[in-house]
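Student: Please take a close look at the cysteines here and tell me what their sulfurs do. Then place them in the wider fold, with one strand worked through residue by residue.

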Amino acid sequence: MKFEAPVAVTEIAAYIGAELVGNSQLMATGINEIHKVTPGDISFVDFEKYYNASLQSAATIIIINKKVDCPEGKAILVLDDPFSAYVKLVKRFRPFEPATKAISDSAVIGEGTVIQPNVFIGNHVRIGRNCLIHPNVTIYDYCEIGDNVIIHAGTVLGSDAFYFKKRAEREVMYDKLESCGRVIIEGDVELGAGCTIDKGVSGDTIIGRGTKLDNMIHIGHGTVIGRNCLIAAQAGIAGKAKIEDNVILWGQVGVNKDLTIGKGAVVLAQSGVPASLEGGKTYFGSPVEEARAKKKELAWIKRIPEMWEKLKETR
């Protein structure tokens, strides 16, 4: 998320109650997670094993829970609970705006777009030309939709990321990481009925041009799906996955977080994808393997009872 105007690092430090170490003249231009940061961004880290990755990232300002050597030209903001400090910043710079009507006055809707009854369109939404949005679709604040998009009934765009920090010492253990990202739907996309597409925690969840989603599909926060992909019903993609162009995921495929499925890959129905896949191949199974090898393996498994009986006969 980018700020409307740059904010002095000294102001940020004072607001969250942090000790400022490093360059006190910096101006922050946004908030972002470590995998999305660009120069000027604020990020946070509260696990020592991620310190180096955060400090050496593109982030200019890092909120951290231990005083460490500050990289040249950057600033670190030291306090006990970086997670809560980050949430406090999100709430300040992207506060929740209650809706006052079904279609916000701040929404921009392009020429030729048809909005069916009972659609909710939140604040600062942008919708392109010649779209068709069917009944009971919900579009949260700040979503952007390109031209010639079809969204079927009951789909939800921009719900919060499923991202929580465990506080094991408390009765109510999970703290919510507030989401301030967006959902971006590029042109010529079709979204089936009953899909749910979460916004990024701080960056964007993106569905690329020409991609088609079937019904009842979940796309997790910060996932980027390329162009001209096909995703069949009941598939689920966890947060921050990258699905490259021309990928096909058939029904009930489950995709783990933080991985890449390469261009042109095909994953057959009811498969589970735990790690990155090369493009241009067909996969099957849980965990997936190349489909031909997996099918041979299953054929041998079916012969185990027969082989066992033969083995007993030789004893």
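Tutor: Start with C131, which is buried in this predicted model. Its relative accessible area is 2%. C143 is buried as well, with a relative accessible area of 1%. Burial does not settle the bonding question, so turn to the sulfurs. A disulfide is a covalent bond between the sulfur atoms of two cysteines. The cut-off used for one is a pair of cysteine sulfur atoms within 2.5 Å. For C131, the closest cysteine sulfur belongs to C143, and the gap is 13 Å. That is too far for a bond, so C131 has no partner there. Now take the pair from the other end. The nearest cysteine sulfur to C143 is that of C131, again 13 Å away, and C143 is in no disulfide. The count for the structure agrees: 0 disulfides.

Next, the setting. The chain has 315 residues, and buried residues make up 45% of them. It carries 5 helices and 34 strands. Its C-alpha atoms fill a box of roughly 80 × 60 × 40 Å along the principal axes. The accessible surface comes to about 15,800 Å², with 53% of it on carbon and sulfur atoms. For charge, count 37 positive and 38 negative side chains. The centres of those two sets lie 5 Å apart. Contacts add another view. Take those between residues at least 6 apart in sequence: 26% of them join residues at least 24 apart.

Now the strand. Choose β6, residues 75–78, which is covered on both faces. A75 and L77 lie on one side, I76 and V78 on the other, and all four are buried. Strand β6 also has neighbours in pairing. Strand β2, residues 19–22, runs antiparallel to β6, and 4 bridges join the two. Within that pairing, V21 stands opposite I76. Strand β5, residues 61–64, runs parallel to β6, also through 4 bridges. There, I63 is the bridge partner of L77.

Stay with I76 of strand β6. Is I76 buried or exposed? It counts as buried because its relative accessibility is 0%, and the cut-off for buried is under 20%. What does I76 touch, leaving out residues up to four places away in sequence? Its contacts are E19, L20, V21, L55, I62, I64, V68 and C70. Among them is V21, the residue that stands opposite I76. For a distance to check by hand, use T60. It is 16 residues from I76 in sequence, and 8.5 Å from it C-alpha to C-alpha.

Finish with an open sheet of 10 strands. Its order is β8-β11-β14-β19-β22-β25-β28-β31-β33-β34, and its pairing is mixed. The edge strands are β8 (114–115) and β34 (289–290), each paired on one side only. At the β34 end, the partner is β33, residues 282–284. These two pair in the antiparallel sense over 2 bridges. One bridge there sets F284 against E289 in β34.

Back to your cysteines, then. C131 and C143 are each buried, and their sulfurs are 13 Å apart, too far for a bond.

Note on methods
Residues numbered from 1 in each chain as written. Predicted model: local features only at pLDDT ≥ 70, side-chain atom pairs only at ≥ 80, totals over all residues. Heavy atoms only, no water. Buried < 20%, exposed > 50% of the residue type's maximum accessible area, 1.4 Å probe, protein only. Contact = heavy atoms within 4.5 Å. Areas by Shrake-Rupley, 256 points an atom, 1.4 Å probe, with all protein chains shown as cover. Lys, Arg positive; Asp, Glu negative; His and termini not counted. Charge placed at Lys NZ, Arg CZ, Asp CG, Glu CD. Pairing = 2+ DSSP bridges.
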